Amino acid sequence: MAVTSPPEPGLPDGWTAVASRGFGRFVTEQLLRRPDGSIVVWDSHWHRKHTEDATAATWWAPTTIGWWIGILFAIGSVGFAAGSFPLYANAVGTGYDNLTYFVGSIFFTTAAFLQYCQVVSTQRRPGAPRHHPRVLQRVCQPDRIDWWAGAIQLLGTLFFNLSTGHALSTGLAGPTNLNHAVWRPDAFGSVCFLISSFLAWAEVCHHAWAWRPRHLSWWIALLNLVGSVAFGVSAIASRVQPNGTLHNETLTNLGTFVGAVCFLAGALLLLPERTMAAPPAPSPPRVTALPSPRT
């Protein structure tokens with residue numbers, strides 16, 4: 001495999017980039033040679049996601065941003081799962097059911113914003129402190145796959161805010177108005193979630209596809225991808241027909257419920273992922289020969 005540029009311009013003195021892999025033009029994993037000749041693996045997902053405080057507890061760590069990301073995503077997922085459950089909707093009525101969706105979308109947006117902040121505050125340079133929560137390095141970092149995933153996901157949650165917020169309005173009537181104000185932003189949000197989840201999946205896999213069932217991060221990415229597909233199915237089925245009914249109400253509720261459960265499971269798994277002691281045995285890129293260390 002050819003030697004490529006380091007994940008961020010500049011490596012520590014004496015370090016050498018040996019080989020890399022990733023998705024498209026995005027570098028997600030690299031072999032790096034230290035000045036002493038030893039080889040280490042740099043993984044973009046692990047480098048960003050590893051807990052800011054290695055001594056923090058797994059299930060209760062309110063001083064860490066990673067913990068809040070998992071908890072807020074989990075609460076938002078519960079809101080969407082409850083809102084799509086017919087027994088709950090019938091018990092509380094349409095107004096409170098729509099309010100449940102809206103509140104859940106606010107939790108989604110808050111979690112997505114914190115995740116975006118985590119991305120742009122993470123230094124990718126090996127050997128440097130990973131997180132600077134008080135200082136965002138660069139708000140725009142288009143050379144990073146995790147930046148695109150975080151930014152697109154945040155945009156998707158804003159579309160869900162619009163969709164669920166408009167659903168609270170009692171002044172909307174007619175299929176044209178409902179499709180424009182509620183269905184369209186919901187569809188855009190679902191597309192954003194699908195793209196974001198795929199990019200997050202590609203970062204973990206270092207490719208468009210990989211089979212890594214022993215890796216917790218792989219399961220999180222898979223759950224989020226499946227959840228995004230389910231949300232997309234729900235969006236397609238929820239378009240309002242000329243007679244004022246949904247295209248397929250059963251599929252709308254089922255897709256939202258399945259997606260929310262997948263997001264809930266993925267969010268809860270973020271908590272133990274934070275406190276893992278070491279990367280789960282990464283498989284480095286294959287190289288036929290290592291260049292000599294710089295002198």
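## Helices and strands

The protein has eight helices and three strands. Read from the start of the sequence, they come in the order β-β-β-α-α-α-α-α-α-α-α. Keep in mind as you look around that this is a predicted model.

Of the contacts in the protein with a separation of 6 or more, 63% join residues 24 or more positions apart. Out of 295 residues, 47% count as buried. The protein exposes about 14400 Å², and carbon and sulfur atoms supply 66% of that area.

## Confidence along the chain

The mean pLDDT of the protein is 85, with 82% of the residues at 70 or more. Two stretches deserve a careful eye. Over residues 1-9 the pLDDT is below 50, and this stretch has 21 contacts in the model beyond near neighbours in sequence. Residues 280-295 also have a pLDDT below 50; for this stretch, the contacts beyond near neighbours in sequence come to 29 in the model.

## The largest pocket

If you are interested in open space, the largest pocket holds about 1000 Å³. Its lining is made up of 37 residues, and the closest to its centre are Asp97, Asn98, Tyr101, Ala167 and Leu246.

Helices supply this lining: H2 (65-83), H3 (86-92), H4 (94-120), H5 (145-167), H6 (175-205), H7 (216-237) and H8 (249-274) are the elements that give two or more residues to it. By residue class, the pocket lining divides into 15 nonpolar, 19 polar and three charged.

## The enclosed cavities

A search of the whole structure also turns up three cavities of 30 Å³ or more. The largest cavity contains about 410 Å³ of space. It is lined by 28 residues, with Lys49, Gln115, Gln153, Ala200 and Asn224 the closest to its centre.

Which helix gives the most to this lining? That is H6, with six residues. At least two residues each come from helix H1 (44-49), H2, H4, H5, H6, H7 and H8. The residues around the largest cavity divide into twelve nonpolar, eleven polar and five charged.

## Asn224, beside the cavity centre

Asn224, one of the residues closest to the centre of the largest cavity, lies in helix H7. Is Asn224 buried or partly exposed? Asn224 counts as partly exposed because its relative accessible area is 24%, which is not under the 20% that would make a residue buried.

Leaving out residues up to four places away in sequence, Asn224 touches Ser197, Phe263 and Gly266. A further link across the sequence shows up in the backbone: Asn224 and Leu264 are 40 residues apart in sequence, while their C-alpha atoms are 9.0 Å apart in space.

## His206, a loop residue with positive phi

His206 is found in the loop between H6 and H7. Its phi is near 60 degrees, a positive value in a residue other than glycine. For context, most residues other than glycine have a negative phi.

Why does His206 count as buried? His206 is buried because its relative accessibility is 2%, and buried means under 20%. Its surroundings help to fill in the picture: apart from neighbours within four places in sequence, His206 is in contact with Arg21, Gly22, Phe23, Thr28, Glu29, Asp43 and Arg212. From C-alpha to C-alpha, His206 and Ser20 are 9.6 Å apart in space, with their positions 186 residues apart in sequence.

## Leu251, in helix H8

Leu251 belongs to helix H8. Its relative accessibility is 33%, so Leu251 counts as partly exposed.

Which residues does Leu251 contact, leaving aside its neighbours within four places in sequence? They are Val233, Ser234 and Ala237. For one of these, Ser234, the C-alpha atom is separated from that of Leu251 by 6.1 Å, and the two residues are 17 apart along the chain.

Definitions and conventions. Residues are numbered from 1 along each chain as its sequence is written. This is a predicted model: local features need pLDDT of at least 70, side-chain atom pairs count only at pLDDT 80 or more; totals for chains, interfaces and linings use all residues. Side-chain values use heavy atoms; hydrogens and water are left out. pLDDT is the predictor's confidence in each residue, from 0 to 100. Contact means heavy atoms within 4.5 Å. Helices (H or I, at least four residues) and strands (E, at least two) are DSSP runs, numbered from the N terminus. Buried means under 20% relative accessible area, exposed over 50%, partly exposed in between (1.4 Å probe, protein chains only). Accessible areas come from the Shrake-Rupley method with a 1.4 Å probe; for residues, only the protein chains shown count as cover. On a 1 Å grid over the protein atoms alone, a cavity is a set of points where a 1.4 Å probe fits but cannot get out, and a pocket is an open set with protein on both sides within 12 Å along at least five of seven lines; lining residues have an atom within 4 Å of a point. Grid points are joined across faces, edges and corners, and a volume is the space filled by probe spheres set on the points. Ala, Val, Leu, Ile, Met, Phe, Trp, Tyr, Cys and Pro count as nonpolar, Asp, Glu, Lys and Arg as charged, and the others, Gly among them, as polar.
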